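Me: I should like a close look at a single part of this model, the metal site. Please set out how the chain forms it and then describe the packing of the rest.

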Amino acid sequence: MEEELKKKLFRNQKTGWEEVPEEEKQEIEKVSKSYMDFLNRAKTEREFIKEAKKLADENGYKDIMEFETLKPGDKIYFINRKKSMYLAVIGENSVENDGLHIIGSHVDSPRLDLKPNPLYEDGGLAYFKTHYYGGIKKYQWTTIPLSMHGVIVKTNGETIEVNIGENEEDPIFTITDLLPHLAQEQMEKKLKNGIDGEDLSLLIGSIPLKDGDKKVSEGVKLNILNILNKKYGITEQDLTSAEIELVPAFRARTMGLDESMVAAYGQDDKVCAYTSLHAMMELGKVKNTAVCILSDKEEIGSMGNTGMESHMFDFFISEILNKLGVNKPNLLDKVFCFSKMLSSDVDAGFDPLYASVSDKTNAGFIGRGISLNKYTGSRGKSGASDANAEYVAWVRNVLEKNNIRYQVAELGKVDIGGGGTIAYIIANKGTDVIDCGVPVLSMHAPYEVTSKYDIYSAYKTYKAFWNE
Ligand code: MN
Ligand code: MN
């Protein structure tokens, strides 16, 4: 009697693994495997968009600029400066009256960028200076293998793609730290000051260039430039028009003796970006126009022309309205007001080692399915986009009728947590938006952990939302 009543009235807090049928386990493994393979090819926003375009092309999606007119069933995309991308499947219903079903994630992740003038020599060693991007714990980025990804653009427009440290034969790079015996002073510092931003210099060389028997000043720096010049045809000044990102050289791997988890760099937010992209590739006909956003610059506030705050997304939707032949004054505003969105960004998973920062009753747990954050913001919900109860109920209904496990959570305790996603940007246009993503452990660290069960739940959630 007690057990029965509890089953009926209590919310389900069991781990999803307890309820997975055998045949679904294979599906979970399949999606997780393709996710890990994708991550290993796409560690930066540019690489993610490049791979996403490949996938979209293979699945019959075409650049919207190739279309004169659009009709239901058309599959389109637009790539914004190689760093962000919007995709859509045109639905049967009127965009004017029924709006769009938007799923938006971001493909940038915390990392170290090279400074515009990065190269210097000190103590017979050559270094690249870095400037960190996004919220990192600096000490986590020392003494790990780092790889170099990005572009160097020459004044003649030639773009050199750089990718060093991912192949086994490649060299890797690292940032050094002090021997504990010599670190008395450093160890007394607060954790956040143990390594300063200016200490994050990447060790890249130690051999000086020789001029016969003559000693060359800054010979190690010169040798590095000579190597770069031979390899890429560049000079030191060319590094000022480059975007080189340093990311962990770790590969995405299955984790745990029970193989239930994924450890990888950049899962915030590539886990939601990949699962939504993967779901979109499998869409057939849809009632409502399905839109997938892969945005850039979320980690630093969504500013700039590749960030969600820019008007590029409005431009994409306007182009759809133009090419559907329905556009008229103010229609874009109306479309947004009648649209629904899942802001697909990761949630901080409850970590028993750091239980004190979470309210256990309202935390997202890894392995319990997709996590909905009704609001984010900080303290008194400052800066939050708070989803309306009516919309939360609508989303719950979609999940429940599709048998998808979900949890509704907050990011940390009331006075501790807080954060933002791209939710508020689209909500400010009048769209119903809720944050909806995969819980992550060690978020923003060089190696983040997710549950394969949740990865699969995310994929199912996004597909169900678009098929609604
Ligand atoms: Mn995120
Ligand atoms: Mn983040």
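Reply: The following account begins with the metal site and then turns to the nonpolar cores. The model is a predicted one.

The manganese ion (ligand 2) receives its protein donors from three residues: D268 through OD, E299 through two OE entries, and H444 through NE2. These donors lie 2.1 to 2.6 Å from the ion. Along the sequence, the donor residues of this ion follow the spacing D-x30-E-x144-H.

A second ion belongs to the picture, since the manganese ion (ligand 1) is 3.4 Å from the manganese ion (ligand 2), and D268 coordinates both. The pair links distant parts of the chain: D268 sits in helix 7 (residues 267–281), while E299 is in the loop between strand 13 (289–295) and helix 8 (312–324), and the two residues are 31 residues apart. D268 counts as buried because its relative accessibility is 3%, under the 20% limit. E299 also counts as buried, because its relative accessibility is 12%.

As to packing, the largest nonpolar core has 60 residues. Those with the most contacts inside this core are F48, L87, M280, L294, L342, Y462 and W466. Helix 12 (residues 452–467) supplies the largest share of this core, namely 9 residues. Leaving aside residues up to four places away in sequence, Y462 touches I103, C272, T275, S276, A279, L342, S344, I370, C436 and G437. Apart from this core lies another, of 31 residues, with L119, I152, I175 and I224 among them. In soluble globular proteins, nonpolar side chains tend to be buried together.

Methods: Residues are numbered from 1 along each chain as its sequence is written. Chains are lettered from A and ligands numbered from 1 in the order in which they are written. This is a predicted model: local features need pLDDT of at least 70, side-chain atom pairs count only at pLDDT 80 or more; totals for chains, interfaces and linings use all residues. Side-chain values use heavy atoms; hydrogens and water are left out. A nonpolar core is a set of buried Ala, Val, Leu, Ile, Met, Phe, Trp, Tyr and Cys residues joined through side-chain atoms within 4.5 Å. Buried means under 20% relative accessible area, exposed over 50%, partly exposed in between (1.4 Å probe, protein chains only). Helices (H or I, at least four residues) and strands (E, at least two) are DSSP runs, numbered from the N terminus. Contact means heavy atoms within 4.5 Å. Donors are N, O and S atoms within 2.8 Å of the metal (3.2 Å for Na, K and Ca); water is not among the atoms, so sites may look incomplete.
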